[in-house]
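Here is a short note to keep beside you as you look at this structure for the first time. Take the points in order, and turn the model as you read.

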Amino acid sequence: MESDAISQLKTLLGTARDLRENLSRADRLQLGGLAEALRNELERPDEALFRVTFNEPSHYLGIRLAIQWGVFDALGDVGEPGKSSAQLAENTGADPRLVARFLRHLAANGTIREVDLDTYASTRLSASCRQKFYKDAVGFMFDDFYNVGWKLPSFLDTISHRNPADINNGPFQHAYNLPGKSLYTYFGENTAMAQRFGGMIQLYNAGKPFFWEDGYYPIKERLVDSGPKSDEDVLLIDIGGGDAGDLGLLRKALGSEVKGRLILQELKHIIDRSDQDGYEAQVGDWNQVQPIKGARAYMLQHILHDFSSDDECRRILRNIIPAMTPGYSKLLIKELLIPDRNAPSAFTAMDVNVIQSLSGQERTESQFRNLLESVGFKIEGIWGHQNALDVVIEASLS
Ligand SMILES: C[S@@+](CC[C@H](N)C(=O)[O-])C[C@H]1O[C@@H](n2cnc3c(N)ncnc32)[C@H](O)[C@@H]1O
C-alpha cells in the first residue's frame with residue numbers, strides 16, 4: 001500500500017507538463033526549489049554527500065561522454081519503443097558494454113528514459129543535447145573549465161584565501177599556468193575554446209527574453225522617444241557586447257524608422273568576425289576613455305561582474321563618464337542582481353563561476369547602488385522580466 005505522500009507526489013508529477021507550460025519562470029523555479037528542499041529533508045546526510053560527490057559528477061561525466069559518442073544524436077527524439085543500448089552504441093567506436101553502463105546511469109538520473117530492458121527513449125534534455133551550443137557548453141564547462149574548479153583550493157592557498165580580485169591572475173591563470181594573461185586575450189589565441197565559451201553564454205541566455213522585449217526594459221519610452229533625431233546620432237553603444245550579434249536583432253526589433261546608430265565595441269578578434277548586419281562594430285577598450293561622445297546609451301552587459309574589485313569597476317565607469325551628455329546620456333547595466341536573502345542557486349552558481357573564470361563577482365542591489373553613486377551616477381530605475389534572471393539598471397549622471 002503506497003503512502004499518501006507518494007500518491008500525492010505522483011499526482012503532482014502527472015501535472016508536470018501542464019505546470020511547465022503554464023507557470024511563470026519564477027514560479028516554475030520556486031516549485032523546483034521546493035522539490036529540492038523536499039529531497040534535502042528526506043535524504044540522510046550520508047546520502048546527500050554521496051549524491052553530491054559520486055552521483056552528480058558521474059552524471060555530468062555521462063552527459064559529456066554521451067555527447068562525444070554521439071549517443072544523443074543516435075537517440076534523436078525517439079519515444080517508445082526506444083532503442084537498445086547495442087543500437088545506440090553502434091557508431092560510437094566505444095565498447096557496447098561501456099556505453100550500456102553509462103546509459104543506465106543517464107537513465108537513473110533522468111537524462112534519458114529506460115522504457116524496456118536495456119532500452120532507452122529520449123527526454124527533452126537528451127534531445128536538446130544534439131544542438132551545437134549544448135555540446136559547446138558542455139565542452140567548455142567540462143574540458144576547459146573543470147580543472148579551474150578543482151584547482152581553486154590550491155589557487156586560494158597562494159593568496160591566503162582572500163577574495164580573488166585580479167582578473168589577469170586568478171584561478172583560470174593558475175590552472176592553465178598563464179600568469180598575467182587575460183582570459184579574453186587568450187580566447188583570441190584559442191578560438192576553439194572561445195567558441196565553446198560562446199556556447200556556454202548561449203546556454204545561459206537560452207529561453208530568456210532580450211532586454212528590449214515587451215515586459216522588460218521599456219526601450220521606446222526610456223531611450224527612443226527622446227533619443228536620436230538623425231541617422232548620425234548614436235542610440236546605443238554596447239561595450240564588450242560579445243559575439244552573439246544582439247545589436248543586429250535589436251535593429252530588427254526597432255525597425256529602420258528608429259533613428260540612431262547601434263555600435264558594438266569589442267576586442268579585435270571579436271570585431272573581425274562580427275557580421276555587422278544592422279549595426280556598426282569597432283575595436284574598443286573599456287580601459288580607455290570612451291571615444292564616442294553624446295550617445296543616448298552606453299551599455300555594459302555582464303561586464304562589471306568580471307571584476308570583484310569596485311575600484312576596477314569605478315575605473316571602467318569613469319572612462320565612460322566624460323563621453324556622456326548630462327541630462328541626455330544614460331548608462332545601462334545588465335547583470336544578475338543577487339537577492340539580499342535566500343538567493344536561488346542559479347544566482348549563487350553564477351557568482352561562484354565568475355570567481356573561477358575572472359576573479360569576478362555578482363552584486364546585490366545595494367552593492368550596485370553604492371558603486372554607481374560613488375562615481376556620481378543616480379539609478380533611474382531597475383527593470384526585470386518574469387522569464388529573465390538579469391535586470392537592466394538605468395543610471396544617469398546626478
Ligand atoms: C562576459 S563577456 C560579455 C559579453 C556580452 N556583453 C554578453 O553579455 O553576453 C565580456 C566581453 O568583453 C569583451 N572584452 C574583454 N576585454 C575588453 C576590453 N578591455 N574592452 C572591451 N571589451 C572587452 C570580451 O571579448 C567579451 O566578449
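**A friendly walk through the model**

1. Let us begin with a single residue, Gln-276, which counts as partly exposed because it has 13 C-beta neighbours inside 10 Å. Its phi is near 55°, a positive value in a residue other than glycine. To find Gln-276, look in the loop between helix H17 (268-272) and strand E6 (280-283). Please keep in mind throughout that this is a predicted model.

2. Asp-118 also has a positive phi, of about 55°, although it is not a glycine. Where is Asp-118 placed? Its place is in the loop between strand E2 (113-116) and strand E3 (119-121). With 13 C-beta neighbours inside 10 Å, Asp-118 counts as partly exposed.

3. One peptide bond deserves a look as well: the bond joining Glu-80 and Pro-81 is cis, with omega at about 5°. Pro-81 sits in the loop between helix H5 (71-75) and strand E1 (83-84). As background to these backbone points, most residues other than glycine have a negative phi, and most peptide bonds are trans.

4. The strands on either side of these loops bring us to a sheet. E1, E3 and E2, in that order, make an open sheet of three strands with antiparallel pairing. E1 and E2 stand at the edges with a single partner strand each, so one side of each has no neighbour in the sheet. Between E1 and E3 there are two bridges, in the antiparallel sense. Ser-84 has Thr-119 as its bridge partner in E3.

5. Now turn to the interior. The largest nonpolar core has 77 residues, and Ile-237, Ala-297, Tyr-298 and Met-299 are those with the most contacts inside it. In general, nonpolar side chains tend to be buried together in soluble globular proteins. Which residues does Met-299 contact, leaving aside its neighbours within four places in sequence? They are Leu-236, Ile-237, Asp-238, Ile-239, Leu-332 and Lys-334.

6. Strand E8 (residues 330-336) is worth a pause. Seven of its seven residues are buried, so E8 is largely enclosed by the rest of the structure. Strand E7 (residues 297-301) pairs with E8 in the parallel sense over five bridges, and Met-299 has Leu-332 as its bridge partner in E8. Between these two strands the chain passes through helix H18 (residues 310-320), making a β-α-β crossover that is right-handed.

7. E8 has another pairing, with strand E10 (residues 390-397), in the antiparallel sense over six bridges. Here Glu-335 has Val-391 as its bridge partner in E10. E10 is also joined to strand E9 (residues 377-383) by six bridges, and these two run antiparallel. In that pairing, the bridge partner of Gly-381 in E10 is Glu-394. E9 and E10 form a hairpin, with six residues between them.

8. Helix H9 (residues 132-144) has a set of buried residues: Tyr-134, Asp-136, Ala-137, Val-138, Gly-139, Phe-140, Met-141 and Asp-144. What do the buried residues of H9 pack against? Their partners are helix H4 (45-69), helix H8 (124-128), helix H10 (146-150) and helix H14 (191-205).

9. Two of those partner helices hold residues to look up. Arg-51 is found in helix H4 and counts as partly exposed, with 13 C-beta neighbours inside 10 Å. The C-alpha atoms of Arg-51 and Gly-360 are 309 residues apart along the chain and separated by 29 Å. Asn-147 belongs to helix H10 and is partly exposed, with 14 other C-beta atoms within 10 Å. From Asn-147 to Ser-160, 13 residues apart along the chain, the C-alpha atoms are separated by 20 Å.

10. Finally, do visit the ligand. Which of the 19 residues around the ligand come nearest? They are Tyr-184, Gly-240, Gly-242, Gln-301 and His-302. The shell around the ligand divides into eight nonpolar, eight polar and three charged residues.

Notes: Residues numbered from 1 in each chain as written. Predicted model: local features only at pLDDT ≥ 70, side-chain atom pairs only at ≥ 80, totals over all residues. Core = buried A, V, L, I, M, F, W, Y, C linked by C-beta atoms within 7 Å. Buried ≥ 20, exposed ≤ 12 C-beta atoms within 10 Å, placed from the backbone. Contact = placed C-beta atoms within 7 Å. Helix = DSSP H or I, 4+ residues; strand = E, 2+ residues; numbered from the N terminus. Pairing = 2+ DSSP bridges. Right-handed = clockwise from strand over helix to strand, strands pointing away. Near = placed C-beta within 6 Å. Nonpolar A, V, L, I, M, F, W, Y, C, P; charged D, E, K, R; others polar.
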